[in-house]
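Trainee: I'm new to this one and would like a close look at a single part, with enough of the surroundings to place it. Could you take me through it slowly?

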Amino acid sequence: MRILQSHTNNTTMVYLLRYTTKYLLKSAQQLPIKRSISALYITGDKAKKNYAPLQPYMDFEETLSQHEPLEESIKARKLQINLDELKTKYAKFQSMKNQIKQVEEERESVSKKLKELNKVGAATKEIEQLKEKGVSLRNALKSLKTENYPIEEDFIHSFLNLPNHLHPKCPQGNVEKLLYRSPTPRCEEQQPTHLANKELIRFYNNSRYYMLGTLAEFDVYSMQALTNYYVQKGGFLQMANPDFARLVLLEASATPLEKYHLVKEEDLISEVNRAYLTGGATFEGFLAAFARLVVFPKSLPIPMVAPGRSYVKVANKEGQVDNLFTATQTNAVQTFVATKSAEEAEEQMDKILNLAVDFYKELGVHFRVIYEDASALTNAECLRASIQMYSPAEQRYICVGNVSNYGDFVSKRIMFCIREKNGYTFPHIVSGSVLHVTRVIALLLENGVNLENCRLLGDPDSDKKAVNAAVDEFKDLFK
Amino acid sequence: MAGTKIFINKLSRPLVSEIFRNYKTMWIISNHIKLFSAHNVNEIFLRDIEKNILLRKHTNNVPVIKTLLQKLRKCPNDVEIQRQIEIELGKLPNGTHSRVVNYGEKGHEVYNNNLAPGTGEQFSDVCKYLNVLRMEHLGHFAGHKSYYLMGDLASLEQSLVRYTMSYLRKNEFKLISVPDILPSNIINGCGMQTEGNRNQVYKIDSEECLSGTSEMALAGFFTDQVIEEQCLPLKIAAVSRCYRAETSGLNEEKGIYRVHQFTKVEMFAVCSEKQSEMVLESFKDTEMCLYKQLNLKFRVLDMPPNELGASAFQKYDIEAWLPGRQMWGEISSCSNCTDYQAKRLNIKYKTKDGLLKYAHTANGTAAAIPRLLIALIESNKIENGTVYLPEELRNILNNSLLARNKVVPSLKLIKHF
């Protein structure tokens, strides 16, 4: 009797599963076909075609439980993200996951039972029924997974769109916070644009311009000098980075894709994970070296500096004239420090800024350092300082460098981790382009500075010249 | 070839005269007059051209041109056919110097400094020990054959740039900062094709191209210009990032020997037709001086026709002995492009008699960083795990040794948490 009842139950179950399978397969077909593709998180159905180079670390419960700072960050950054909607998505995702888990468990128990029955040589009918149930469960699991992929993708992509928390120092409400102002007064008199120096600059468009003679020399020597200053004075490790970064890194660092040119490669290693022309002296240029890297706590901090190119496209603003301020290519110096903690990150950010201030002071032109408003930050940054020089031609400040604190936001997403005794933690990253050479050249010209007389901190020749000048001055006292 | 008519802008603006003394350019209103005219091509011309192509083992497009010409005979006014013929004519290689015509397929060694070979340590082994180069596991994050130079090796890159720049400055080269993103017509004009399969040129989403060498940007700089003869030759240097889509699976080209991205210091000259051979010799001499001071064992080869790029009339290669690889590796070259690029990019000069002529161009590699790094590390003394560098670089580098990087821990990657 008991056996019979069990048989009836099994048959009902099989029919139920068959029906569910059919329904799920049908509804899966009706789902919207177009799904966003990400290289950072690839769902199982797309994994065959698209290799997932890493799996970002995501703690859903922990992140979503911090409602208040997250809400504050979203609001201050002026993002259109609804946390309640995201939580609903999460609940749906969780429920699907549970359903899948349930069916998986059931399937496992069926297969276990089958094995046992096979061992004891049970009746064929019973085995057949179990097999049928197993097949139905497999189909049901397949359908559930198919149904789940878009749900999973939708939730995870939304989750990955969440911003970093804000640093307490980050100004909010469209304000900038002044950190430093050089004592050299600002040139208030209207000056002609730097492009008026036709004998020294030939500007075609934002992609293509040439600088000649002294400018071209300054272009290389200033970049080398500041790099050298960070190495000698700050103990930074000099690097030369690759110029391409793939989509996975851009997504991990929440870099807007329109910031860089997409490279049209002939031999694509992945349809999704395409290459972008970033230049080596960019934040993204460093990331490939740290993706999936495991370090021990004693290795930190890791301070690095890279001279090289940067190819950031400047967004077109109405009424903005194209010139060296909006040009894509420049020589640049990019700093990057991986640290153990938030406190260490803060210290390192100050150190980077202090060394940069030393360098800019010597140029003899007015500049300032500010903390930018939260709305100007990318989702990955929690604080950004901007080094700005004044353009007497355009009567506005131009950003010539910046340093950002990323917390552990990017480390988690690129699997850059610290091996602790009990598991893993994530380094806090501080990074910034401290010298945008092309813009500095344009600004020095507008401010009437003779580039040949500029003292470049960290430049061996410039340092020698300064020492000789000081000695001469001293000798003059006794004449 | 069609007759050339030039319109000179009445408001011609003298440019860059401060940089190049007495250098005056006259800008032209009308753009480049068509280089070749389909109607002026005849059988004799094609026969000579094909002979030259076969000698250089260049892609033979003469049959295509002949077919197009037949079509044109049937429809003489078909503009599209004329355009196609002009495109094909533009792809033809330069002529070949009579001296090298009978060289066969091997270059002639014209110089060898016969230095004793260096230590014989492989570059990759030294770098691994010193922890100054990372190439592993970067493909999915940066790209195939990507690399990071770290610590002293990265400093050495910039020191080599500085060393080369200061030498070129002393030898009256003027420096220009050049763009790495260029319109395709400039690259085509330099003798590199940007269309077709297995292309060496990277394209980006704006349909522009990434420059493979600053020679392209520099040639582009002089496009549509007329220069006074007395200002010639104009000797220019540029430091740039070079992008090449070509790949290599050859074992002897492993590591950073052939990469997609690298830094290069380039020499370029615009000169008159009488000067180009002399300029090429001076480029070769400059390269030799630069490498002599770096203690490299090297030889100079006068290259045979099949080794000449489309734009080169003659070319020297400099090969350094790489003791770690036990082979000669090309570290530099210089080419005389005669009027090949000038015709395609409309670069002219005005003779003392007021005649307008196509200028000649020449180019040479002063320092291609990755191979120079290999040659330097493999050729210099290594003791107690540090590499001793040549005197010339010590002052610039502020350090006579290449030391082990202890900042970045050795590579350990995680698969999942």
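Which residue does the UniProt annotation "binding site" cover?

Mentor: That would be A:Thr282, and the annotation comes from an unreviewed UniProt entry. UniProt positions are given here in the numbering used for this model, feature names are shortened, and annotations may be inferred rather than shown by experiment.

A bit of housekeeping before we zoom in. This is a predicted model, where local features need pLDDT of at least 70 and side-chain atom pairs count only at pLDDT 80 or more, while totals for chains, interfaces and linings use all residues. Residues are numbered from 1 along each chain as its sequence is written, chains are lettered from A and ligands numbered from 1 in the order in which they are written, and side-chain values use heavy atoms, with hydrogens and water left out.

Now to the spot itself. A:Thr282 sits in the loop between strand 7 (275–277) and helix 8 (283–290) of chain A. Helices (H or I, at least four residues) and strands (E, at least two) are DSSP runs, numbered from the N terminus. With a relative accessible area of 3%, A:Thr282 is buried. Buried means under 20% relative accessible area, exposed means over 50%, and partly exposed is in between, using a 1.4 Å probe and protein chains only. Setting aside neighbours within four places in sequence, what touches A:Thr282? A:Tyr260, A:Ser310 and A:Gln334 are in contact with it, where contact means heavy atoms within 4.5 Å.

One of those partners leads to another feature. A:Ser310 touches A:Thr282, and strand 9 of chain A runs over residues 302–311. In the loop between strand 8 (294–295) and strand 9 you'll find A:Pro301. The peptide bond joining A:Leu300 to A:Pro301 is cis, with omega about 0°. The same unreviewed UniProt source type gives a second annotation for chain A: "domain: Aminoacyl-tRNA synthetase class II (G/ P/ S/T)", covering residues 289–447. That span is 25% helix and 41% strand, and its end C-alpha atoms lie 39 Å apart.

For contrast, try A:Asn174, in the loop between helix 5 (124–160) and strand 1 (177–181) of chain A. A:Asn174 is exposed, at a relative accessible area of 55%. It isn't a glycine, yet its phi is positive, about 55°.

Step back and chain A comes to 12 helices and 16 strands. Its radius of gyration is 29 Å, well over the 23 Å that the globule rule gives for 479 residues, so chain A is more spread out than a compact globule. That radius is taken over C-alpha atoms, and the rule is 2.2 Å times the number of residues to the power 0.38. Along its principal axes, the C-alpha trace of chain A spans about 120 × 50 × 45 Å. Of the 479 residues, 54% count as buried, as A:Thr282 does. Among contacts in chain A with a separation of 6 or more, 76% link residues 24 or more positions apart.

What about chain B? It has 11 helices and 20 strands, and 58% of its 417 residues are buried. A good place to see that is helix 10 (residues 369–379): 11 of its 11 residues are buried, so it is largely enclosed by the rest of the structure. That includes B:Arg371 and B:Glu378.

Chain B has its own cis peptide bond, from B:Leu232 to B:Pro233, with omega near 0°. B:Pro233 lies in the loop between strand 9 (225–228) and strand 10 (234–243) of chain B. There's a positive phi in chain B as well: B:Asn346, not a glycine, has about 60°. B:Asn346 belongs to the loop between helix 9 (340–345) and strand 15 (347–350), and with a relative accessible area of 4% it is buried, whereas A:Asn174 is exposed.

One last stop is B:Met216, in helix 7 (residues 214–221) of chain B. B:Met216 is buried, at 4% relative accessible area. Leaving out neighbours within four places in sequence, its contacts include B:Leu182, B:Ile186 and B:Cys190.
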